[in-house]
Amino acid sequence: MTAQTCPRQHQRTTMEIASLEPSLYTVKAVFILDNDGNRLLSKYYDTELYPSMKEQKNFEKNVFNKTHKADTDEIAFVEGMTIVYKCSIDLFFYVVGSAQENELMLMAVLNCLFESLSQILRKNVERRCLLDNMDGVFLVVDEIIDGGVILESDPQQVIQKVNYRADENPLSEQSVAQIMQSAKEQIKWSILK
């Protein structure tokens, strides 16, 4: 029987071919967990994959349980997904793609993420420092991946685009007296003009 005489067989092969076609939407998710498996950061780019927070956390817990004992960078296949990961002191970095995804592409994203964060955090890639600079971490992730599409894989380019300094004090860490003094000076100069 040919594909023309058997529509079901034709439909199945068309669907199989469509699922293997290359796509720009390479990354399904990125998440960072601490050494207890708790979520510090997660971004899911395929909302149909794990639509609820509960499903996402269950997936992360399952991935962590299968990967946290490794001491080196690895590739894992969990729940039909290709996962590349890296551990650093008390953090685990994960990049998730589909089962057919090229592991080298996912590893390039993971390495770019890690190296960019390492530069921003001044080689101090550990939980406390990461939490203190979450705004910079989100900027880095957003510069590397947009909606599952890889935008950049060169850490130097990411750092240049983000232009974030871990040692700069955000507004929330300035004292009230410093803020009041700055406001007084601005008002004084605006009146004198």
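Glutamine 160 is exposed, with a relative accessible area of 58%, a value over the 50% that the term requires. Glutamine 160 belongs to helix α6. In sequence, glutamine 160 and serine 116 are 44 residues apart, yet their C-alpha atoms are 9.9 Å apart in space. These values come from a predicted model.

The chain that holds these residues has seven helices and seven strands. From start to end of the sequence, the elements follow the pattern α-β-β-α-β-β-β-α-α-α-β-β-α-α. Of the 193 residues in the chain, 38% are buried. Among contacts between residues at least 6 apart in sequence, 53% join residues at least 24 apart.

The buried part can be followed through its nonpolar cores. The largest of them has 32 residues, and Ile32, Phe93 and Leu130 are those with the most contacts inside it. Seven elements are listed as giving two or more residues to this core: the strands β1 (27-34), β2 (39-44) and β5 (91-98), and the helices α3 (103-120), α4 (127-132), α5 (134-144) and α6 (155-162). Helix α3 gives the most, with nine residues. A second core, separate from this one, has 16 residues, including Tyr44, Phe59, Ala76 and Ile83.

Phenylalanine 93 shows what a well-connected position in the largest core looks like. Leaving aside residues up to four places away in sequence, phenylalanine 93 touches Phe31, Ile32, Val84, Tyr85, Lys86, Ser88, Leu110, Leu113, Phe114, Leu117 and Val125. Two of these neighbours, Lys86 and Phe114, also meet one another: the charged end of lysine 86 sits over the ring of phenylalanine 114, 4.9 Å from the ring centre.

Helix α3 also packs against helix α5. Their axes come within 10 Å and cross at roughly 145°, and the crossing is right-handed. On the α3 side the contact is made by Val109, Cys112, Leu113, Ser116, Leu117 and Ile120, and on the α5 side by Gly136, Val137, Val140, Val141 and Ile144. Ser116, part of this contact, is the residue whose C-alpha lies 9.9 Å from that of glutamine 160.

The aromatic residues form a further layer of description. A pair of aromatic rings is described by the distance of the centres and the angle of the planes. Searching the whole structure gives nine aromatic pairs. In one of them, the rings of tyrosine 44 and tyrosine 50 have centres 6.3 Å apart and planes at 75°, so this pair is edge-to-face. Tyrosine 44 and tyrosine 50 are both buried.

Phenylalanine 64 and phenylalanine 92 make another edge-to-face pair, at 5.4 Å centre to centre with 90° between the planes. Because phenylalanine 64 lies in helix α2 (residues 53-67) and phenylalanine 92 in strand β5, the pair ties together parts that are 28 residues apart in sequence. Phenylalanine 64 counts as buried at 5% relative accessibility, and phenylalanine 92 is buried as well, with a relative accessible area of 7%. Both values fall under the 20% that defines a buried residue.

These four rings are also part of a wider group. Ring pairs link Phe31, Tyr44, Tyr50, Phe59, Phe64, Tyr85, Phe92 and Tyr94 into a cluster. Phe31 and Tyr85 in this cluster are also among the residues that phenylalanine 93 touches, while Tyr44 and Phe59 are included in the second core.

How values were computed. Residues are numbered from 1 along each chain as its sequence is written. This is a predicted model: local features need pLDDT of at least 70, side-chain atom pairs count only at pLDDT 80 or more; totals for chains, interfaces and linings use all residues. Side-chain values use heavy atoms; hydrogens and water are left out. A nonpolar core is a set of buried Ala, Val, Leu, Ile, Met, Phe, Trp, Tyr and Cys residues joined through side-chain atoms within 4.5 Å. Buried means under 20% relative accessible area, exposed over 50%, partly exposed in between (1.4 Å probe, protein chains only). Helices (H or I, at least four residues) and strands (E, at least two) are DSSP runs, numbered from the N terminus. Contact means heavy atoms within 4.5 Å. Rings of Phe, Tyr and Trp (its six-membered ring) pair if their centres lie within 6.5 Å; planes under 30 degrees apart count as stacked, over 60 as edge-to-face and the rest as tilted. A charge sits over a ring if NZ of Lys or CZ of Arg is within 6 Å of the ring centre and within 35 degrees of the ring normal. Axes are lines fitted to C-alpha atoms, for helices over the stretch in contact, and angles run from 0 to 180 degrees between N-to-C directions. A crossing is left-handed if the near helix is turned anticlockwise from the far one by less than a right angle, and right-handed if clockwise.
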